[in-house]
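User: I am new to this structure. Please take me closely through the surroundings of the ligand.

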Amino acid sequence: MVIDTWLHIRERKNPIVNRLIWIYIVALAIFHFVGTGVWGFIQTLPPINYYTHGSQINVSHGHMAFFGAYAILNLTIFYFAMPKFRNIREYDATLGLWGFWTMVGSMFFLGLVFGIAGILQVYLERMLDIGYSTAHQAMMFWFKAALFFGVIFLAGAATTVYHLFTLKSAAETT
Ligand code: HEM
């Protein structure tokens with residue numbers, strides 16, 4: 001999927017009018033590949049799943065995979081369709097880029113902090129045999145970090161939705 005996207009972009013015949021949608025397509029391929037293909041697959045392997053089943057490592061994969069496979073896909077379709085509905089050829093993408101990078105950056109860190117919490121959880125619960133609630137006390141810092149990045153993600157999502165519903169022609173804004 002990553003290679004196919006790269007070849008499509010490299011060998012395209014049409015000029016890129018709205019760069020934002022292409023940025024979304026590249027992010028779709030990368031997040032899908034990392035969150036689903038790599039992160040999901042690793043946990044499928046029995047010697048790894050023996051330790052990681054039902055841990056925050058699954059949560060890390062679930063967030064990255066869902067965002068990569070479905071959320072970005074839907075946003076790509078919206079950014080393709082919305083200008084056509086509103087009869088806009090080229091739109092001002094500044095706010096959309098802010099929304100994009102805020103969402104992508106915070107989702108990356110969400111995946112990271114859930115992953116770290118998961119590794120800690122596997123070590124405490126499954127290797128040291130510490131109980132679920134006691135182990136969770138040691139993971140609180142990472143849950144607070146996840147809440148922090150979750151709020152940032154929400155801001156990015158709100159910015160993106162606002163931009164999508166208020167798309168303006170690039171000609172109008174210059
Ligand atoms: C559309 C793509 C996918 C989505 C949206 C998705 C989403 C999820 C979600 C929400 C969970 C549960 C997380 C939790 O327990 O909190 C999960 C678990 C899991 N997924 Fe995926 N996933 C996707 C693709 C894949 C793929 C391609 C693989 C393997 C190659 C995979 C392997 C796993 C494994 C091993 C678990 C953990 C099972 C366990 O031990 O509890 N996933 N996934």
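**Around the ligand**

Analyst: Start with the shell. The ligand has 16 residues around it, and those that come nearest are Thr 36, Thr 44, Asn 49, His 53 and His 61. Keep in mind that this is a predicted model.

Next, sort the shell by class. It holds 10 polar residues, 6 nonpolar ones and no charged ones.

Now look at the polar side chains. Asn 49 has a side-chain N or O atom 2.7 Å from an oxygen atom of the ligand. Asn 58 also faces a ligand oxygen: one of its polar side-chain atoms lies 3.2 Å away. His 61 pairs with another kind of atom. A polar atom of its side chain lies 2.8 Å from a nitrogen atom of the ligand.

Which elements give two or more residues to this shell? They are helix H2, residues 19-44, and helix H4, residues 56-85. H4 supplies the largest share, with 8 residues.

His 61 deserves a second look. This residue is found in helix H4. The ligand carries an iron atom, and His 61 is its only protein donor. The donor atom is NE2, at 2.0 Å from the iron.

Put the pieces together. His 61 is among the residues that come nearest to the ligand. Its side chain has a polar atom 2.8 Å from a ligand nitrogen, and its NE2 is the iron donor. The helix that holds it, H4, is also the one with the largest share of the shell.

Notes. Residues are numbered from 1 along each chain as its sequence is written. This is a predicted model: local features need pLDDT of at least 70, side-chain atom pairs count only at pLDDT 80 or more; totals for chains, interfaces and linings use all residues. Side-chain values use heavy atoms; hydrogens and water are left out. A residue is near a molecule or strand if one of its heavy atoms lies within 4 Å of it. A polar contact is a pair of N or O atoms within 3.5 Å; within protein, one must be able to donate a hydrogen and the other to accept it, and residues adjacent in sequence count only if both atoms are side-chain atoms. Helices (H or I, at least four residues) and strands (E, at least two) are DSSP runs, numbered from the N terminus. Ala, Val, Leu, Ile, Met, Phe, Trp, Tyr, Cys and Pro count as nonpolar, Asp, Glu, Lys and Arg as charged, and the others, Gly among them, as polar. Donors are N, O and S atoms within 2.8 Å of the metal (3.2 Å for Na, K and Ca); water is not among the atoms, so sites may look incomplete.
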